[in-house]
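Thank you all for making the time this morning. Please take a moment with the sequence and the structure before I start talking you through them.

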Amino acid sequence: MTAFLARNLKRKLVTLFLVTVVSFLIIHLAPGEPAQVDPLNPKFTPEMVERFRRAFHLDRPLPIQYVLFYRDLFTGRSVSWKDNRPVLEKIGERFLNSLPLFAAGTLLTWTLAFPLGIHAAVRRGGFFDRGTAFFAYGFISLPGFFFAYLLILLVVNTLAVPVLGMETYGFEDAPVLYRLNDRLWHLLLPAGLGSATGIAVLSRYVRSQMLEVIHQDYVRTARAKGLPEETVLYKHALRNALLPFLTMFGLLLPGLVGGSVIIESIFSWPGLGRLAYEAILARDYPVILTLNFIAAVLVLLGTLLSDLLYAAADPRIRLE
Amino acid sequence: MASANPGVLLAVEGLTVRFRREQESFHAVEGLDLTVRRGETVCLVGESGCGKTVTALSVMGLLPRPAAEIANGRIRFDGIDLAAGAADYPPGIRGRRLAMVFQEPLTSLNPVLSIGDQIAEGLSFHQGLCARRARERACELLAEVGLSRPEQRLSDYPHRLSGGERQRVMIAIALACGPELLIADEPTTALDVTVQAQILRLLRALKEKRDLSMLYITHDLGVVSRIAERVAVMYAGEGVETGPAEEILRRPLHPYSAALLDALPGRGKRGRRLAAVPGAVPHPAARPPGCAFHPRCPYAEPACRRERPALIPLPRARAVRCPVTAATLGGKDAGR
């Protein structure tokens, strides 16, 4: 076990290093440079551009830039080129905003998709199965942003649910309960929308996985024992059907950073996804690369988590 | 408990199982009669695809629904009708009085549950044993089916066991609640030859010890000679011959049974080329008219192509679905 962890971490560190190199190169290969974002701005004199380039080491060779950048990142000294604020501080602030959206969306997705998919599989071809299939394919094929605007129209016009931002403007000094209530209402639509597609896709996966397992010989053995149908389905079939989803569960982690750019933009949610989007438009290298680095770390941690979960759930897998 | 014949434990009468797939519909088993008496071992013999497993699954109420259904016939177990309700199998029979061992020991055990769990859960459910008692009982069962170090094996998972060991565990699961009838569906087919012999010996010993009745499904006539008291031969979904095992092995009446015996290697045939039954078993959807065996039959007469023969009862508790051989051989036999 410890040997597995040590070997695994070593390999993941190498991967992480390669990720930093490649993402750094890609950013610098992309046309445009932070100093030239706004060349028509009369305030941007050539001297200013030169000063800017020197301040952010853009006049140095790439390998030096690479070393300087990651030195700053690890010592916490890198700052956003846009507003000179420390990158980690900016990200941390936005992360706290994104977290409730991510948590609510994930919770909704994973608690609803499984019962829906299992139920559809057990009553295959029945009314419930066809009904969920209809809605699932509807949500999968309807573009999220389009559906979002429909819902906004409906909700704002008829239900008076707030939809913009994280809380109502001027509510900062309201009593805690009022603020909480207000925030929950703001969370409703973006979280619901963000999870709708997730539920649709995941419930279909759960259904097909369950259907595959139901026809396995060991399920027939369980039936031959004369066990009640619930035991056959939920003890013998479901446990096997769940195995592939442990892998997916670990890969949820990167969603913390990637978030949902579209949903956050539509609902003016000041989250990480929007921060990344704005940083890319502004060629704000430190923010982009730092987010990229964090995302890579989360992906690698996620795969490790998947491996560990899998080994815990499936006796056939041994970590060595 | 209104059984016509008190010694009969399982009585299958005129069983017809229909399969439906998209457009086509066919009878995988048609008009099959089969009886198993208490304490008796009956072998159901036939080539792959002749409906042996479908028969067993019908008795267990495990036909794959909704593709398959019992279209006709009755299955009575100790006087209880098992095929009456389409969906409701009578409770308290499957896994308790009636148990089955499957053909594929490699895939028939749940890979994520320990074998102790898998044996104990039937005991907990049917006999209401507490977890500790059920585990003790599972351990005894593992010892009974001849697994070494049963205490340690309880917490093992199926992938750590060999094929033979897994089949032993399957037998332990089937025997857990002390069934009266054990259905064994080619339990040795997937195993090595030496292991086959061990499993066969084990089943025979268990049968004696527990006074079991057994319905043993096989395509191997060598197995029949070692285990069966009576034999039922199936061809293309029909029962073509039944009778005491010794009689059928010594003097098969149906041309198909005779051809199967001819195809068996034996001492007397050393050095000679083994006979094979020409042609292949027809798919149940494309059953030939008349006698289903006539395209492969050396004794076929014109009438065989037209008329579907009935099962003809003969002396010595035999019956054969072939008027041609029943008249010649059967007549001689009867006159002796």
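Is the crossing of H4(A) and H5(A) left-handed or right-handed? Before I answer, let me say that what you have in front of you is a predicted model, and please keep that in mind throughout.

The crossing of those two helices, H4(A) and H5(A), is left-handed. Helix H4 of chain A covers residues 87–122 and helix H5 of chain A covers residues 127–141, and the two pack with their axes 8 Å apart, at an angle of about 135°. That angle makes H4(A) oblique to H5(A). If you would like to find the place where they touch, look for A:Leu116, A:His119 and A:Ala120 on the H4(A) side, which meet A:Phe128, A:Asp129 and A:Thr132 on the H5(A) side. Sorted by class, this contact holds three nonpolar, two polar and one charged residues.

Let me now step back to chain A as a whole. It has 14 helices and zero strands, and its C-alpha trace spans about 85 × 60 × 40 Å along the principal axes. Of the 320 residues in chain A, 28% are buried. If we take the contacts in chain A between residues at least 6 apart in sequence, 72% of them join residues that are at least 24 apart.

The domain assignment divides chain A into domain 1, residues 2–74, and domain 2, residues 88–313. Their C-alpha centres lie 32 Å apart, and the contact between them draws 15 residues from domain 1 of chain A and 13 residues from domain 2 of chain A. On the domain 1 side, H1 and helix H3 (62–74) of chain A each supply at least two residues, and H1(A) gives the largest share, which is nine residues. By class, that side of domain 1 has eight nonpolar, five polar and two charged residues.

Helix H1 of chain A, residues 2–29, deserves a second look, in this case together with helix H14 of chain A, residues 285–313. How are these two helices arranged, given an angle of about 155° and axes 10 Å apart? Angles over 145 degrees count as roughly antiparallel, and H1(A) and H14(A) are therefore roughly antiparallel to each other. H1(A) passes H14(A) in a right-handed crossing, whereas the crossing of H4(A) and H5(A), with which I began, is left-handed. The residues that H1(A) brings to this contact include A:Leu16, A:Val19, A:Phe24 and A:Ile27, and those from H14(A) include A:Ile288, A:Phe293, A:Val297 and A:Leu300. Taken together, the residues of this contact divide into twelve nonpolar, five polar and one charged.

Just ahead of H14 of chain A, in the loop that joins helix H13 (272–281) to it, you will find A:Arg283. This residue is not a glycine, and yet it has a positive phi of about 50°. A:Arg283 is partly exposed, with 19 other C-beta atoms within 10 Å; a residue counts as buried at 20 or more.

Turning to chain B, we meet a positive phi again at B:Asp78, where the value is near 50° in a residue other than glycine. B:Asp78 sits in the loop between strand S4 (68–77) and strand S5 (80–81) of chain B, and it is partly exposed, with 17 other C-beta atoms within 10 Å.

Another residue to find in chain B is B:Leu249, which lies in helix H8, residues 245–250. B:Leu249 is partly exposed, with 17 other C-beta atoms within 10 Å. Setting aside neighbours within four places in sequence, B:Leu249 is in contact with B:Val224, B:Ser225 and B:Leu261. The C-alpha atoms of B:Leu249 and B:Gly222 are separated by 9.8 Å, although the two residues are 27 residues apart along the chain.

Finally, where do the two chains meet, and how many residues of each are in contact? There are 22 residues of chain B in contact with 17 residues of chain A. On the chain B side, the elements that give two or more residues are strand S6 (98–101) and helix H2 (115–127), and H2(B) provides the largest share, four residues. By class, the chain B side has eleven nonpolar, seven polar and four charged residues.

Notes
Residues are numbered from 1 along each chain as its sequence is written. Chains are lettered from A and ligands numbered from 1 in the order in which they are written. This is a predicted model: local features need pLDDT of at least 70, side-chain atom pairs count only at pLDDT 80 or more; totals for chains, interfaces and linings use all residues. Two residues are in contact if their C-beta atoms, placed from the backbone, lie within 7 Å. Ala, Val, Leu, Ile, Met, Phe, Trp, Tyr, Cys and Pro count as nonpolar, Asp, Glu, Lys and Arg as charged, and the others, Gly among them, as polar. Axes are lines fitted to C-alpha atoms, for helices over the stretch in contact, and angles run from 0 to 180 degrees between N-to-C directions. Angles under 35 degrees count as roughly parallel, over 145 as roughly antiparallel, 65 to 115 as roughly perpendicular and the rest as oblique. A crossing is left-handed if the near helix is turned anticlockwise from the far one by less than a right angle, and right-handed if clockwise. Domain bounds come from an automatic or database domain assignment. A residue is buried if 20 or more other C-beta atoms lie within 10 Å of its own, exposed if 12 or fewer, and partly exposed in between; C-beta atoms are placed from the backbone.
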